[in-house]
Amino acid sequence: MSKNSIGSTISYFFLGEYFSDALRTTITVVLPIILFFYLGNPEAAKGIGVGALLISLTDLPDNRLNKLKTALWSIIVFFATTLIVSSVLNDVYLTAVVVVIAAFSFSMFAVYGQKLSLIGTMALIVCTFVMGLHPARPLYFSGYILLGGVWYYVISLIQILIRPYRSLHHAIFECLMSSATFLNAKAKNYDVDVPLDLQQKEAIKLHIKVNQKHELIRNLLLTDKYAMNPDNPKGQLLLERARLLIDLYEQLNAVHYDYVLVRKTLATGPSLKLIASLIELLAKELEQLGRHVRSAKAYKGEVATNIEYDQKRVMLLHEMEHLNESQRKIVLKVVSNMNDIVRIIEMIRSNKCTPEKHLQELSGSISYPLFITGDRFSIKEHLTLKSPIFRFSLRLAICFLFGFLLIWQLEPSKYSYWLFLTLVIVARPKFSITWKRNLQRLKGSLGGVVIGLIIIYFVKSPAVLLSFSVIFLLGFYAFNRLNYTVSVLFITPAVILTLGSYQGHFDHIVHDRIIFTVLGCVIAIFATYLFPIWDSLQLKAKISRATKDSLHYLQVAIERKENLGENILRMARKNANLSLSALSEAIESASQEPMRKHIDFNGLYGIQSTIYQINAIITSIYLSVNHQPEQADPLLVDRIVSNLSDEAVIQSNTEWHADEVYRIHDGDHSTKHKLAHIATLSFDFSRFNTGFSG
């Protein structure tokens with residue numbers, strides 16, 4: 001990474017959404033604490049400060065209406081939780097019963113989607129804080145928690161009223177940056193020194209990341225009634241940007257698809273290097289566009305006027321004069337893709353919508369609510385051990401019960417609530433995520449303890465120590481959504497310095513922080529074997545889902561678009577991408593599970609890579625302006641369906657038939673050639689899938 005790039009990244013961080021949100025949140029949390037301590041009311045300072053601190057973690061990027069709903073739910077749940085738990089603290093056994101029930105109940109909030117799941121998690125953390133603070137006046141303290149929640153969300157809602165599309169602009173920025181990274185990875189496919197297998201794995205990981213960014217944009221934009229109003233020009237511009245980002249990703253995914261053929265055909269001459277260089281320049285332009293896309297002004301970028309890009313493009317076109325027919329067709333295909341990418345970049349850069357007539361036709365034909373990931377579920381269907389949410393909720397409740405039994409056997413400590421806090425944070429439904437969280441929390445906590453001890457050794461002034469704790473709190477918020485390990489590294493010394501300055505006994509605080517954090521991590525890890533949720537047992541189902549969605553995408557792509565409509569076309573593409581992402585995430589998770597030694601990951605990676613390549617070719621068919629349904633060879637389509645179906649059986653002549661068609665049309669880019677290539681890949685899939693035992 002160059003010095004300019006590093007400088008730009010650092011400047012973006014301090015001027016971007018994460019740091020500005022962290023600064024606003026830190027001021028919102030610290031201000032009432034300072035004010036009420038100054039006024040001589042420490043109970044109010046602690047209550048309002050804790051209320052604002054904890055409720056701020058439920059405040060994710062969202063639109064105005066959804067953020068208001070989150071605020072109301074969070075404030076009500078936090079107040080009720082604080083009141084109930086603080087009222088029973090004098091009876092240790094009743095406290096254990098209430099908190100164990102809360103652990104189960106709040107974990108079941110996940111039934112109603114990600115937002116309520118987060119509110120449930122934070123409400124459970126409220127339980128642990130109330131146990132630790134042990135307020136003398138439950139009703140007063142609950143009122144202070146209520147005031148802290150209201151105070152925080154008033155500030156947050158004022159900000160979103162002033163800048164309603166700030167989070168959406170940031171999501172578009174992140175999507176462009178991820179797309180730039182993805183395009184840079186695609187450039188490596190034209191570098192003969194980079195193994196294609198390694199490159200495919202990298203591309204699939206980036207594919208998942210880009211799809212996650214698309215999902216965030218959909219949920220931010222398509223659920224915003226104000227932005228989706230046809231009379232709202234800003235909303236329509238953002239809607240157009242979102243559509244262009246998806247179109248851009250299609251073009252990125254289709255920057256040729258048969259890299260073995262490309263490398264083999266263009267092995268001699270400078271064509272491969274020129275193509276790679278041009279793609280890297282486009283990636284650089286995407287990155288520059290991303291850094292300016294949050295602005296309402298049009299950004300004059302470099303693609304259209306970049307001398308280096310223009311020179312290399314001319315060099316590539318001149319090189320075509322020395323190529324044979326097959327080589328020329330490949331280069332033309334790549335150049336055509338790059339031209340489409342340039343066109344989309346220029347449309348995003350200009351801040352202009354498509355012609356009004358076309359936009360009206362598009363808006364009228366697309367049913368946007370279909371593309372929103374729904375969170376509407378029934379609690380009844382999850383009250384069974386077959387439900388992962390129910391299994392995890394039951395497991396966490398047992399962890400809390402065991403935690404109480406363990407603490408009663410140890411020497412009493414006012415910081416024992418850190419054990420429960422650790423459980424809430426690191427315990428996750430899946431083993432792989434729980435293991436990862438454990439490592440992150442342990443590394444962050446131990447590193448934070450070291451930092452805290454160094455500061456305590458050199459600094460003796462309580463005022464200076466508290467100033468350091470505010471800075472560390474800012475660091476926690478700044479990295480909370482970026483890197484959990486770093487955020488823990490910041491919050492640990494913040495807690496040590498704050499509690500030590502207020503209560504003294506730094507050594508006791510550090511000792512308990514380490515002991516109860518380690519105990520919580522150990523319990524969480526062993527508990528994953530209780531009502532376990534193993535991704536390794538779901539791989540077959542994920543593979544089946546991915547192949548079914550890919551086949552549907554293929555059938556849609558080869559059909560006449562006017563016969564299907566935009567909804568079917570776009571939903572088929574979205575489902576194929578999401579099911580591949582789900583499979584990839586399951587493979588990644590299974591690779592960290594205890595039974596990983598018994599899984600054929602080479603076969604799994606082969607399946608994953610094959611489906612990814614098939615989807616890329618289907619996208620190429622989908623985007624082709626020359627494609628006609630009658631060009632699809634029914635025999636090839638039947639062979640593909642047979643190979644990708646659950647009942648696929650490898651036949652001796654399958655591979656030969658596909659290879660023959662593929663060889664005859666070498667260098668061709670017709671639908672028949674693409675289907676022949678898919679048939680070859682589907683044979684590979686069938687071979688991998690048959691050998692994979694799950």
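Salt bridges are a good place to begin: this predicted model holds 19 of them. Side chains of opposite charge can pair when their charged atoms come close. Here are three such pairs to find in the structure.

| Pair | N to O distance | Relative accessibility |
|---|---|---|
| K188 and E202 | 3.6 Å | K188 36%, E202 29% |
| R328 and E325 | 3.2 Å | R328 26%, E325 47% |
| R343 and D340 | 3.9 Å | R343 41%, D340 24% |

**Pairs along a helix, and a pair across a loop**

Let us start with helix α14, which covers residues 325-350. R328 and E325 both sit in this helix, 3 residues apart, or about one turn. R343 and D340 repeat that spacing: they too lie in α14, 3 residues apart. Why does such a spacing suit a pair? An α-helix has 3.6 residues a turn, so residues three or four places apart point the same way.

How exposed are these side chains? R328 counts as partly exposed because its relative accessibility, 26%, falls between the 20% and 50% cut-offs. E325 is partly exposed as well, at 47%. In the other pair, R343 is partly exposed at 41%, and D340 is partly exposed at 24%.

The salt bridge between K188 and E202 links distant parts of the chain, with the two positions 14 residues apart in sequence numbering. K188 belongs to the loop between α8 (166-187) and α9 (196-221), while E202 is in helix α9 itself. K188 is partly exposed, and so is E202.

**A network, and helix α2**

Salt bridges can also join up into a group. Which residues are linked in a network here? They are D21, R24, D59, K67, R166 and R481.

Two members of that network, D21 and R24, appear among the buried residues of helix α2. Others buried in α2 include E17, Y18, F19, V29, V30 and P32. This helix runs over residues 17-38. With 22 residues at 1.5 Å a residue, α2 should span 32 Å, and its end C-alpha atoms are 31 Å apart, so the two values agree. Just after α2, G40 takes a positive phi of about 80°.

**Two buried charged residues**

Now look for E285 in helix α12, residues 271-292. Is E285 buried or exposed? Its relative accessibility is 3%, so E285 counts as buried. Its C-alpha atom is 8.1 Å from that of A180, although the two residues are 105 residues apart in sequence.

R441 is found in helix α18, residues 431-458. This arginine is buried but has no salt bridge. What is the nearest side chain of opposite charge to R441? It is D512, 13 Å away. A salt bridge needs a nitrogen and a carboxyl oxygen within 4 Å.

What does the side chain of R441 make polar contacts with? One partner is the side chain of T422, at 3.4 Å. Another is the side chain of Y484, at 3.2 Å. Leaving aside residues up to four places away in sequence, R441 touches L421, T422, I425, V426, Y484, V488, R513 and T517. Both polar partners, T422 and Y484, are in that list.

Definitions and conventions: Residues are numbered from 1 along each chain as its sequence is written. This is a predicted model: local features need pLDDT of at least 70, side-chain atom pairs count only at pLDDT 80 or more; totals for chains, interfaces and linings use all residues. Side-chain values use heavy atoms; hydrogens and water are left out. Helices (H or I, at least four residues) and strands (E, at least two) are DSSP runs, numbered from the N terminus. Buried means under 20% relative accessible area, exposed over 50%, partly exposed in between (1.4 Å probe, protein chains only). The expected span of a helix is 1.5 Å times one less than its number of residues. Lys and Arg count as positive and Asp and Glu as negative; His and the chain ends are not counted. A polar contact is a pair of N or O atoms within 3.5 Å; within protein, one must be able to donate a hydrogen and the other to accept it, and residues adjacent in sequence count only if both atoms are side-chain atoms. Contact means heavy atoms within 4.5 Å.
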